[in-house]
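Subject: Structure handover

Hi,

Here is the structure I promised to pass on. Have a look at it first, and then read on for what turned up.

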Amino acid sequence: VDQVKMNSILHILLVLLTLSAITASDKRPRVPLRLAICAPTLRLRGGSAAAALGVPKDSTTGLVSGGGGGWKGAQSYLATTGINITATAGSIAAYRSAVTLCNSTYLDDPFAALFARESCPERFKEILSLPAPKLVRFAVRTKFFDNFIRDCVHRHGIKQVVMIGAGFDARVLRGKDMRWDTLLPPTARDLMESNTLTFYELDLPELMDRKRDLLERSGMGPRAAKALGLPRVHRIGVDVMTEDWVSLIKRYGFLPDRPTAWLLEGFLYYFDQPDVMRTLAAVSQLSAPRSRIGMSAVSAAAAAPKGGKWKWGSDFPEAVLEEFGWDESLAYELGCPSIAEGWDTSFVCPRGAPEPRDLPDVKRTWYVTGSWPGEPPANERERLQQWMLKTWRQVKPWVEIAGRHALQFATTGFQVRLPIPSWLADVIRK
């Protein structure tokens with residue numbers, strides 16, 4: 001009889017543990033099969049992807065939703081700051097097109113002219129007439145982050161690339177520069193485990209809609225890109241500063257337990273410091289071991305003028321990443337010979353080299369990289385072990401509560417109505 005009672009108690013504890021594990025485990029929403037198939041070509045007019053997918057703007061994750069002085073739409077940002085986001089993205093594309101015409105072996109972006117001509121034709125003509133030294137800022141920046149993405153994918157084997165503030169970026173389509181043709185085709189196991197190279201481009205809904213339209217009109221829609229062997233891409237229209245983009249990219253298939261390459265090129269310094277810190281905190285929380293991050297920043301002096309378009313700056317941006325847990329953080333200043341790759345930087349650095357870092361009130365531009373410490377699981381067994389450990393950490397408070405109740409019953413109620421062996425009461429008590 002005592003053995004039956006003991007087995008009943010153990011079964012009850014096992015049921016409580018299982019229910020706690022289910023409730024405390026990852027609640028990542030799943031994309032329906034129909035939506036998962038149509039996600040790369042999903043058109044969202046008159047609203048963001050978050051609203052179309054049913055993701056609430058104020059999520060319980062507490063990462064980035066709510067508050068903040070973010071974009072709140074291109075028209076609102078234009079009214080408050082006087083900066084046209086679509087035109088700014090078009091100008092950057094125009095500079096990349098000019099660099100391509102100047103030196104196609106250094107940078108080959110045939111889609112930049114398409115985006116610039118359709119979004120800002122007058123500005124496009126002005127930029128094409130600029131001399132080569134005035135293009136060095138955008139040439140060096142684009143090449144630096146090209147090398148960063150290529151290194152993440154080809155050297156470190158990262159299969160998830162998230163580009164926040166992607167704009168008219170076309171790296172996923174630039175097979176020549178990024179060497180996508182050298183990647184091995186995915187195996188059947190890779191397809192089953194969603195272990196294929198996937199890009200997630202995040203920007204304002206109206207900008208992403210325009211980008212999709214231009215690519216489809218030029219014959220580079222999802223089907224054409226797939227036929228050419230280019231990586232898979234999800235172009236997601238979402239306001240990163242006011243909507244819950246974290247839950248959104250998970251619904252598109254993003255896996256937080258796998259290494260990710262994060263790119264925030266020409267993005268963070270448009271926002272106030274609380275918005276920047278909240279975004280970096282969200283990125284850090286979603287990063288698995290061996291993830292990498294690349295971002296551009298400006299110095300405090302460059303962001304100091306009131307009424308300017310840049311709102312956040314730091315003289316030590318690599319230290320900012322280290323505060324969020326990133327390791328091996330390096331900051332390269334525009335004009336550094338190690339990243340110029342032959343370009344004449346005298347236009348941005350008249351002295352031929354950047355100013356010493358201890359000099360205050362110097363306007364600088366930084367290109368920063370970092371890596372998340374730790375090693376990812378080598379196989380499914382290690383991944384399962386890590387998941388069990390993570391689940392146990394989430395369930396542990398519930399188990400402690402159940403243990404306290406079991407101890408209470410063992411020392412009071414069980415002695416009267418349900419006697420148990422003394423050794424079992426000692427085990428529960430310990």
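**What I found**

F144 counts as buried, at 12% relative accessibility (buried means under 20% relative accessible area, exposed over 50%, and partly exposed in between, with a 1.4 Å probe and protein chains only). The place of F144 is in helix 8 (helices are DSSP runs of H or I with at least four residues, strands are runs of E with at least two, and both are numbered from the N terminus). Leaving out residues up to four places away in sequence, F144 touches Y332, I339, Y367 and T369, where contact means heavy atoms within 4.5 Å. One of those partners, Y367, is 223 residues away from F144 along the chain, yet their C-alpha atoms are separated by 7.9 Å.

Before going further, a word on where this comes from. This is a predicted model, in which local features need pLDDT of at least 70 and side-chain atom pairs count only at pLDDT 80 or more, while totals for chains, interfaces and linings use all residues. Residues are numbered from 1 along each chain as its sequence is written, and side-chain values use heavy atoms, with hydrogens and water left out.

**The overall picture**

The protein has 19 helices and seven strands. Of its 430 residues, 49% are buried. If you take the contacts with a separation of 6 or more, 81% of them are between residues 24 or more positions apart.

**Cores**

The largest nonpolar core has 55 residues (a nonpolar core is a set of buried Ala, Val, Leu, Ile, Met, Phe, Trp, Tyr and Cys residues joined through side-chain atoms within 4.5 Å). Which residues have the most contacts inside it? They are F115, I149, V161, W180 and F199. At least two residues of this core come from each of helix 5 (85–102), helix 6, helix 7 (121–128), helix 8 (136–155), strand 1 (160–164), helix 11 and strand 4 (260–264). Helix 8 gives the most, with 10 residues.

W180 has a long list of partners beyond four places in sequence: I149, V153, H154, R171, V172, R174, G175, L197, F199, L230 and P231. There is also a second, separate core of 39 residues, which includes V246, L264, L268 and W372.

**Two helix pairs**

Helix 5 and helix 8 pack at an angle of about 90°, with their axes 9 Å apart (axes are lines fitted to C-alpha atoms, for helices over the stretch in contact, and angles run from 0 to 180 degrees between N-to-C directions). That makes helix 5 roughly perpendicular to helix 8; angles under 35 degrees count as roughly parallel, over 145 as roughly antiparallel, 65 to 115 as roughly perpendicular and the rest as oblique. I92, Y95, R96 and V99 of helix 5 meet F138, A139, R141 and T142 of helix 8. These contact residues divide into five nonpolar, one polar and two charged (Ala, Val, Leu, Ile, Met, Phe, Trp, Tyr, Cys and Pro count as nonpolar, Asp, Glu, Lys and Arg as charged, and the others, Gly among them, as polar).

For helix 6 (residues 110–119) and helix 11 (residues 205–217), the angle is about 120° and the axes are 11 Å apart. Helix 6 is therefore oblique to helix 11. On the helix 6 side the contact is made by F111, L114, F115, E118 and S119, and on the helix 11 side by R210, K211, L214, L215 and R217. Here the split is five nonpolar, one polar and four charged.

**A buried tryptophan**

W366 is found in strand 7 (residues 365–371). Is W366 buried or exposed? W366 is buried, with a relative accessible area of 2%. Its contacts beyond four places in sequence include M295, V298, D315, P317, Y332, E333 and R357. W366 and E333 are 33 residues apart in sequence and 4.6 Å apart in space, C-alpha to C-alpha.

**Two arginines with positive phi**

R179 has a phi near 55°, a positive value in a residue other than glycine. R179 sits in the loop between helix 9 (175–178) and helix 10 (188–192), and is partly exposed, with a relative accessible area of 39%. R290 also has a positive phi, of about 75°, although it is not a glycine. Its loop runs between helix 14 (273–285) and strand 5 (292–298), and R290 counts as partly exposed at 31% relative accessibility.

Cheers
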